[in-house]
Amino acid sequence: MQEFTHSIRPIIDPAKKKVYIETYGCQMNVNDSEVILSILQKVGYCLTENIDEADLILANTCSIRDNAEQRIWGRIEQFRLQKKRRSGVIIGIVGCMAERLKDKLLDGHQVDLVAGPDSYRSLPGLLEAITPQKPQIDVLLSHEETYADISPVRMDKNGISAFISIMRGCNNVCSYCVVPYTRGAERSRDPHTIVAEARELYEHGYKEVTLLGQNVDSYYWKDPDLAGNDVNFALLLEMVAQISPSLRVRFSTSHPKDISDEVIYTMARYENICKHIHLPVQSGSDVMLEKMRRKYTREWYLERVKKIRSVIPDCGLTTDVIAGFCGETIQDHHDTLSLMEEVVFDSAFMFAYSERPGTLASRKYADDIPYEEKTSRLNEIIALQGRMSLKSNERDLGKVFEVLVEGPSKKNPEELCGRASSNKMCVFPSRGEKPGDYTKVRVNSVTSATLICENLGK
Ligand code: SAH
Ligand code: SF4
Ligand code: F3S
């Protein structure tokens, strides 16, 4: 079994070289930055939050939509100003954009270092080899790398909630999506290292872990030494939930084609497995779902929702929606709206389709919905979701939830905030609780974003 004997929070040592890390994209990137910091701390770097004193500036990047990449090009310009002012500063681009653009990022000596998501172990060697004339690049993807033995150094602010990557890559090849190209093939991580990492977090005062994968339902570990003791996602969830009833377990992302009854029943059995499923639907139209290669139909999706709600009546449900995919008709768009009205999601991430070079959709289908039309469909989707979020929250009026206190509410620092098991944000008066405490609250009023509650105490 893996031993984790190190400092879990960043080490601050003024004598050491300093790394500044900006993280873009999904939760997996947030966790990857913590893996990177762990690797760099071992070779003498410490973290700084002040870019002006950094010896090494890293951007951990995202390629999911064009605007994500445009933002990073803007940042690279800013980083180059640092280099002009202070010679010797190293600029590195890591993550998905590094993997997608490879040596194009080195054209014109924009940056000194390019490292893809599977190359972080080679960062110390790459850094050593950099000279002003010799930028370094490693964008090899791997079929094995899971960083299973590396304990991420946590960069979150309050030491309560942490991400744990349980797998990497994706094998699904949804036609619009760049992730399989930037993150490579799917591979699952040894469950013993996952449980050890979660236990260590719990022992350091963490109260919530979120298990991360692009498609957690296809997590699968074949144990070569224990034939017949294979671990699927339901079993992994159970193993982590058994660490302690006061450690909350969350997970993301579930794929509608793969989420199993076994996972749903496991969630129902353990109070500390949070009752929230992020289940990206993308579209309510079968024609679009087929072209997107999502491998499920509207009917299948609605059946999964029905199953979830029959087993876990109060389960939080959130989703992702893409507006204006290739060839989307007004009817297809209305199918998405009607599905959203039927399900009443608690919240949703909603995007206009952005063509990504190299994806199946970019090769096979024209990106033919004009920008204005895409934006207007997206706005309709956003407005509808606002009404649905309010409706979903109104259904909680009068209900009592246990919340994990995160800290002062952002709008009113006199009050506290924390999430219910469903992942809904609650705001309530303090009874002296500290971040990391549990308390019970009753919902008295709601907005589309928040449950406004009274604090009943333990
Ligand atoms: N693995 C997860 C999602 C990963 S990407 C899943 O399968 O659901 C997060 C979200 O970004 C996706 O759910 C999708 O809604 C959106 N997305 C991905 N590619 C996109 C693109 N090319 N244009 C617009 N949105 C996109
Ligand atoms: Fe992309 Fe589909 Fe994989 Fe999600 S499941 S990361 S949308 S290819
Ligand atoms: Fe972006 Fe890569 Fe995540 S493309 S969404 S950072 S997997």
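Domain bounds here come from an automatic or database domain assignment, and what you have open is a predicted model.

**Stop 1: colour by domain.** Give four colours to the protein chain: domain 1 (4–138), domain 2 (158–274), domain 3 (276–395) and domain 4 (400–457). Now hide domains 1 and 4 for a moment and look at the middle pair. The C-alpha centres of domain 2 and domain 3 are 24 Å apart.

**Stop 2: the seam between domains 2 and 3.** Select whatever touches across this boundary, and you should pick up 24 residues of domain 2 in contact with 29 of domain 3. Interface size is often quoted as the accessible area lost when the parts come together. For this pair, about 2,200 Å² is buried, with 62% of it on carbon and sulfur atoms. Show S175, Y176 and P256 as sticks: these three account for 34% of the area that domain 2 buries against domain 3, more than any other trio.

**Stop 3: polar links across the seam.** Switch on your polar contact display. Between domain 2 and domain 3 there are 14 residue pairs in polar contact, counting pairs with both residues at pLDDT 80 or more. Which elements give two or more residues to the domain 2 side of this interface? Select β13 (248–252) and α8 (261–269) to see them. The top contributor is α8, with five residues. Colour that whole side by class and you get 14 nonpolar, seven polar and three charged residues. For a salt bridge, the rule finds one across this interface. Zoom in on R304 and D261, whose side chains meet in a salt bridge at 2.9 Å, N to O.

**Stop 4: ligand 1.** Centre on ligand 1 and expand the selection to its 15 surrounding residues; the ones that come nearest are Q214, P280, Q282, D320 and S354. Three side chains deserve a distance label:

- Q214: a side-chain N or O atom is 2.8 Å from a nitrogen of ligand 1.
- Q282: a polar side-chain atom sits 2.7 Å from an oxygen of ligand 1.
- D320: a polar side-chain atom is 2.6 Å from an oxygen of ligand 1.

**Stop 5: ligand 3.** Keep Q214 on screen, since you'll want it again, and bring domain 1 back. Around ligand 3 you'll find C26, N29, T61, C62, S63, I64, C96, V179, R183 and Q214. Which domains does this shell draw on? Your colours from the first stop show at least three residues from each of domain 1 and domain 2. By class, the shell around ligand 3 splits into five nonpolar residues, four polar and one charged.

Definitions and conventions: Residues numbered from 1 in each chain as written. Chains lettered and ligands numbered in written order. Predicted model: local features only at pLDDT ≥ 70, side-chain atom pairs only at ≥ 80, totals over all residues. Heavy atoms only, no water. Near = heavy atom within 4 Å. Nonpolar A, V, L, I, M, F, W, Y, C, P; charged D, E, K, R; others polar. Contact = heavy atoms within 4.5 Å. Buried area = accessible area lost by both parts, 1.4 Å probe. Salt bridge = Lys/Arg side-chain N within 4 Å of Asp/Glu carboxyl O. Polar contact = N/O pair within 3.5 Å; in protein donor to acceptor, adjacent residues only side chain to side chain. Helix = DSSP H or I, 4+ residues; strand = E, 2+ residues; numbered from the N terminus.
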